[in-house]
Amino acid sequence: MTIEEIAKKFRPPAFPGSYFLSFEGIEGAGKSTQILKARDYLEEKGFRVLVLREPGGTSFGEKLRQAILNSQSPIHPVAELHLFASSRAQLLSEVTLKELGIPNTVIIYDRYLDSTLAYQGSARSLGFEAILQSHTSFPLTLVPHLTFYLKIPVNLSHDRQKMRNAPKDYFEKQGQDFYQALVDGYEKASALFPERILQVNGAQDVEDVFLDIKNHLDQLILENNSRPEN
Ligand code: T5A
């Protein structure tokens, strides 16, 4: 089976009136900044919004997050893949699937499957096929209705990390080649899931980035004819 054929098996969850969204990008792309704006906007529209982060979001997942991001020694790429997938399966079953069952809910993930494709599949060289094959059991077969990929160049990622002046975590310590492989990985993921992944120019001003996102959110809600405010 080709990776395109495997990719077709991934589907968004079917809960009428509720949406599953994710935000993606390299370090400092502006995900957290834009997620808060999207949350406020969707709440104004009358949705109930939950923001969840990966890895993490459950007590089991937060322990895995600490184990990975605070690791002082190298973790094997296959171990990384399974740690992220474990956190994801737990978050989907413990929180996401239950909450989406409540009408007019929006779940926003700060990183999801495309992070694993870019970080472990591309930058850690495991390949897309290995990542997708490890996600073929439910609930890992679920994908968001829309994914916003905030695209920034590698040098801007470094500039924003420097400005933040926080201690570097496990992945932030990686070199230029790793970051370039992440960008390549996100491009490849966007080509594999062209309807789900929307590329947004993350190098613009915060407000201009959000304007692009807002237009896509309006379109998604209109297409599905579900406006709780009406
Ligand atoms: N990981 C995760 C994997 O390897 N595999 C996986 O499967 C998964 C799920 C998670 C790490 O785990 C890895 C990837 C990550 O390395 P994390 O702590 O969640 O780690 O780190 P990030 O998600 O990368 O979070 P960051 O905080 O680094 O990036 P954000 O959220 O994209 O950026 P944000 O919004 O905090 O902004 C960064 C800075 O830039 C400014 C902000 O004010 C902030 O100072 N900024 C802008 N400045 C100018 N113009 C704009 N448009 C700006 N937008 C933001």
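The radius of gyration is taken here over C-alpha atoms, and the globule rule is 2.2 Å times the number of residues to the power 0.38. For 230 residues, a compact globule would have a radius of gyration near 17 Å. The protein chain of this predicted model has 17 Å, which agrees with that value. Along its principal axes, the C-alpha trace spans about 55 × 40 × 35 Å.

The protein chain has nine helices and five strands. Along the sequence they follow the pattern α-β-α-β-α-α-β-α-α-β-α-α-β-α. Contacts reach far along the chain. Of those between residues at least 6 apart in sequence, 81% join residues at least 24 apart.

Half of the chain is shielded: 50% of the 230 residues count as buried. The accessible surface comes to about 10800 Å². Carbon and sulfur atoms account for 52% of that surface. The chain carries 25 positive and 29 negative charges, and the mean positions of the two sets are 3 Å apart.

Helix 5 spans residues 113–123. Ten of its eleven residues are buried, so helix 5 is largely enclosed by the rest of the structure. Buried here means under 20% relative accessible area. The buried residues include Leu113, Leu117, Ala118 and Tyr119. Asp114, Ser115, Thr116 and Gln120 are also buried, as are Gly121 and Ala123.

The cover over these residues comes from several elements. Among the helices, it includes helix 4 (77–100), helix 6 (128–133) and helix 8 (176–192). Strand 1 (19–24), strand 4 (146–151) and strand 5 (197–201) also contribute. After helix 5 comes serine 125, with a positive phi near 65°.

Methods:
Residues are numbered from 1 along each chain as its sequence is written. This is a predicted model: local features need pLDDT of at least 70, side-chain atom pairs count only at pLDDT 80 or more; totals for chains, interfaces and linings use all residues. Side-chain values use heavy atoms; hydrogens and water are left out. Helices (H or I, at least four residues) and strands (E, at least two) are DSSP runs, numbered from the N terminus. Buried means under 20% relative accessible area, exposed over 50%, partly exposed in between (1.4 Å probe, protein chains only). Contact means heavy atoms within 4.5 Å. Accessible areas come from the Shrake-Rupley method with a 1.4 Å probe; for residues, only the protein chains shown count as cover. Lys and Arg count as positive and Asp and Glu as negative; His and the chain ends are not counted. The place of a charge is taken as NZ of Lys, CZ of Arg, CG of Asp or CD of Glu.
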